[in-house]
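Please look over the sequence and the model below before reading on. The text afterwards walks through a few parts of the chain in turn.

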Amino acid sequence: MKKQLIFLFLFTLISVQAYSKVWTISDNNLVVKFDDQTALLSVTDKRCNKVWNQSPLKEKYLVKKTLIKGNEITVSLSGKFPFKVIYTLNSKSALEIKLIADKKLQVENFDFPSAFETPDTNHYLLLTDSEGLLLPVDDTEYPIGSKEERPFFCGGNTAMSWMGMVDKQFEAGYMAILETPYDANFHTQKVDGLITFSTVWQPSLGKFGYDRKVTYHFFDKGGYVAQAKTYRDHIWKKNEVITLRENEKKTPALAKMIGAVHLYVWDNAREVSFAKELKDSGIEKVFVIWNPNHTPYPEVGYDKKIAALGYATGGYELFTDLKLRDTVKKTFTPSREGLHLGRTSYPGQFNELAARTKEGKTYSNNFGHTSCPLAIRPEIIKRVERELKDYPHESYFLDVYQANGLFECYSDKHPLTREQFANEVKKNHQLLTDQYHQFVGGEWGADYLGSNSVYVHGMMTLQRTWWGSEIDNKNTIYYTGNWKNNSRPTQMLGTRVAPGKYLKYSINEYSRVPLYELVYHDAVVTSWRWEDSNHHNPEIWWKKDLFNMLYGSVPLWNLAREQWEDHKVTFIESYKNVCPWLQKIGYDELVSHKFVSADHKVQESIFSSGNRIVVNFGDENFVLEGNVIKAKGFLTFTN
């Protein structure tokens with residue numbers, strides 16, 4: 001009898017493995033089903049009766065074996081190459097998906113897992129390619145699709161390693177967090193006419209390299225705020241993010257940046273007398289930055305005199321771009337003539353400094369060729385030490401690093417994976433802070449740097465609708481300008497009319513959301529792009545200021561004396577509206593954001609200090625709790 005029972009048990013076990021099509025794991029919140037015929041998932045959120053089904057995979061995979069143990073399903077797949085997948089429903093009701101394969105396996109870009117189908121048009125895609133955007137899933141104009149882009153690239157990828165979906169009631173939805181983000185991407189795409197996204201894995205130096213992992217979190221309430229806070233909990237631990245207050249202990253001058261307008265000075269504005277004029281006019285806090293690629297240089301000792309006014313001082317830097325001219329051996333003799341601190345001159349060192357592709361070529365674009373962050377470090381030290389003798393900055397703005405994405409370097413002398421590339425960029429930031437006591441910022445806001453970049457210029461501008469739009473059309477009212485006049489580039493000092501796509505997305509209060517601020521407000525200070533500063537589009541200057549106040553981000557100006565004198569009253573008014581408020585909440589966590597009115601014209605943000613602001617983007621006054629919020633105005637509630 002005992003033998004018969006054992007045989008019956010074994011027969012049943014074999015039968016389940018041989019013929020079962022759906023494998024189920026569950027907890028109090030979710031039911032996860034895996035179909036071993038299609039290799040697809042279905043997730044049911046029992047809290048809100050929402051079902052998320054995966055769309056068919058474009059690449060065909062054959063399920064070779066499926067095992068289940070507790071709340072874990074292990075699947076062996078074959079297709080273009082073999083790998084194993086482990087689906088784990090963890091203690092927090094998150095679905096962890098780990099991919100395991102031979103580390104030396106040669107691979108190409110591949111999608112897995114498949115995208116979850118968007119149920120209907122009653123949803124938004126939560127885009128994290130800049131500050132944040134609610135993209136209607138039936139949108140036809142926003143440039144989606146980033147399957148081939150390198151990670152953390154501002155022209156077509158995400159600044160943070162997550163993306164999500166939320167319903168239009170801002171309650172239910174899901175998000176995916178790339179736990180291994182350096183060789184990974186989100187592929188935004190349309191399935192049955194509605195936008196969704198999948199995970200794309202990229203090879204590491206041509207190989208599978210290491211175990212890959214993406215985790216899905218499902219929500220029945222809380223909407224985009226809950227998703228951003230879930231990512232905050234994850235990424236602050238992973239990247240050892242610290243607050244601005246904690247960072248200030250390492251570089252005390254950082255305090256002068258909090259609640260200050262960020263100001264790039266050009267030509268005759270690079271004089272101490274101009275800074276004194278700003279101070280006398282009531283502009284109490286300014287972070288002054290100048291770019292040594294442009295003349296005239298300020299007087300030697302300029303930074304000390306600016307700092308004496310209570311202003312923060314900084315220099316623009318660029319360690320990423322190489323020029324072909326530097327393949328030629330030349331003797332470089334520093335002097336105080338001309339552009340002696342120019343940012344892209346490495347005579348005779350091009351070949352030693354360039355990052356290399358697998359084919360031995362360089363990575364290039366219209367700005368130049370990309371340096372290897374490991375190879376360039378000795379040049380960073382030389383240039384910074386030479387410069388700080390005459391111009392003792394308190395900060396460096398490192399252009400491009402955070403915006404250009406991660407590269408693999410196949411150089412024999414300094415090979416790097418993308419993750420190693422990221423770590424070397426991080427070390428270059430740490431060098432400036434630890435050795436030269438600089439608080440450091442950069443372009444855009446790729447978050448692999450953690451707290452090594454305490455301010456970023458450009459997160460408020462939606463990058464994908466900035467380039468390739470009407471701003472490139474010369475001789476139009478939209479043209480962003482050029483750099484032909486070295487001292488007075490019209491790109492920085494000119495004005496233009498905001499083009500249609502910019503109005504529809506970048507400055508549209510209906511669809512903008514502060515996802516980045518909900519994660520990083522108390523760790524990183526953000527602004528608009530420097531050629532998209534608050535005053536560059538005069539007709540919407542007021543609106544950019546309101547967004548700054550609502551999100552707790554800073555205004556950014558570009559000035560020669562003439563711009564200041566022509567619009568002095570408006571600059572002062574702008575400063576007095578925005579910056580005193582930012583000084584109250586500059587160190588705070590952004591706790592919540594919500595749309596107060598159905599048309600999204602009236603919005604509210606609450607910060608961890610308890611300070612609260614309500615902004616009215618509309619053309620009519622709005623009454624809230626007995627208070628009148630004026631049209632195109634705001635009301636603050638402070639402790």
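What follows covers one helix, two helix pairs, a buried loop residue and some backbone exceptions. The model is a predicted one.

A good place to start is helix H14, which runs over residues 568-585. Its 18 residues should span 26 Å at 1.5 Å a residue, and because the end C-alpha atoms lie 26 Å apart, the expected and actual spans agree. The helix nevertheless bends, by about 30° at Lys576. A proline, Pro580, follows that point within four residues. The buried residues of H14 are Phe571, Ile572, Ser574, Tyr575, Val578, Cys579, Trp581, Leu582 and Ile585. A general point helps in reading such a list: an α-helix has 3.6 residues a turn, so residues three or four places apart point the same way.

Several of these names return when the neighbour of H14 is considered. Two packed helices are described by the angle between their axes and the distance between the axes. For helix H12 (residues 541-551) and H14, the axes come within 9 Å and cross at roughly 15°. An angle under 35 degrees counts as roughly parallel, and H12 and H14 are therefore roughly parallel to each other. The crossing of H12 past H14 is right-handed. On the H12 side, the contact is made by Trp541, Asp545, Asn548 and Met549. On the H14 side it is made by Thr570, Phe571, Ser574, Asn577, Val578, Trp581 and Leu582. Among these, Phe571, Ser574, Val578, Trp581 and Leu582 are also buried residues of H14.

A second pair can be described in the same terms. The axes of helix H7 (residues 377-390) and helix H8 (residues 418-434) cross at roughly 20° and come within 11 Å. That angle makes H7 roughly parallel to H8. Here too the crossing is right-handed, as H7 passes H8. H7 contributes Arg377, Ile380, Ile381 and Val384 to the contact, and H8 contributes Glu424, Lys427, Asn428, Leu431 and Leu432.

Loops deserve a look as well. Ser204 sits in the loop between strand S15 (194-201) and strand S16 (212-219). Is Ser204 buried or exposed? Its relative accessibility is 11%, so Ser204 counts as buried, the cut-off for buried being under 20%. Leaving aside residues up to four places away in sequence, Ser204 touches Asp183, Tyr210, Arg212, Glu408 and Thr417.

The remaining features concern the backbone. Most residues other than glycine have a negative phi, and most peptide bonds are trans. Where does this chain depart from that pattern? A cis peptide bond joins Phe112 and Pro113, with omega about 0°. Pro113 belongs to the loop between strand S9 (110-111) and strand S10 (123-127). Another cis bond links Thr295 to Pro296, with omega about -5°, and Pro296 lies in the loop between strand S18 (286-290) and helix H5 (302-308).

Positive phi values occur at two residues discussed here. His437, which is not a glycine, has a phi of about 60°. His437 is in the loop between H8 and strand S24 (439-443), and it is exposed, with a relative accessible area of 55%. Glu625 has a positive phi near 55°. Its loop joins strand S31 (622-624) and strand S32 (627-629). Glu625 counts as exposed because its relative accessibility is 58%, the cut-off for exposed being over 50%.

Key. Residues numbered from 1 in each chain as written. Predicted model: local features only at pLDDT ≥ 70, side-chain atom pairs only at ≥ 80, totals over all residues. Heavy atoms only, no water. Expected span 1.5 Å × (residues − 1). Bend = angle between axes of the 7 residues up to and from the residue. Buried < 20%, exposed > 50% of the residue type's maximum accessible area, 1.4 Å probe, protein only. Axes fitted to C-alpha atoms, helices over the stretch in contact; angles between N-to-C directions. Parallel < 35°, antiparallel > 145°, perpendicular 65-115°, else oblique. Left-handed = near helix turned anticlockwise from the far one by under 90°. Contact = heavy atoms within 4.5 Å.
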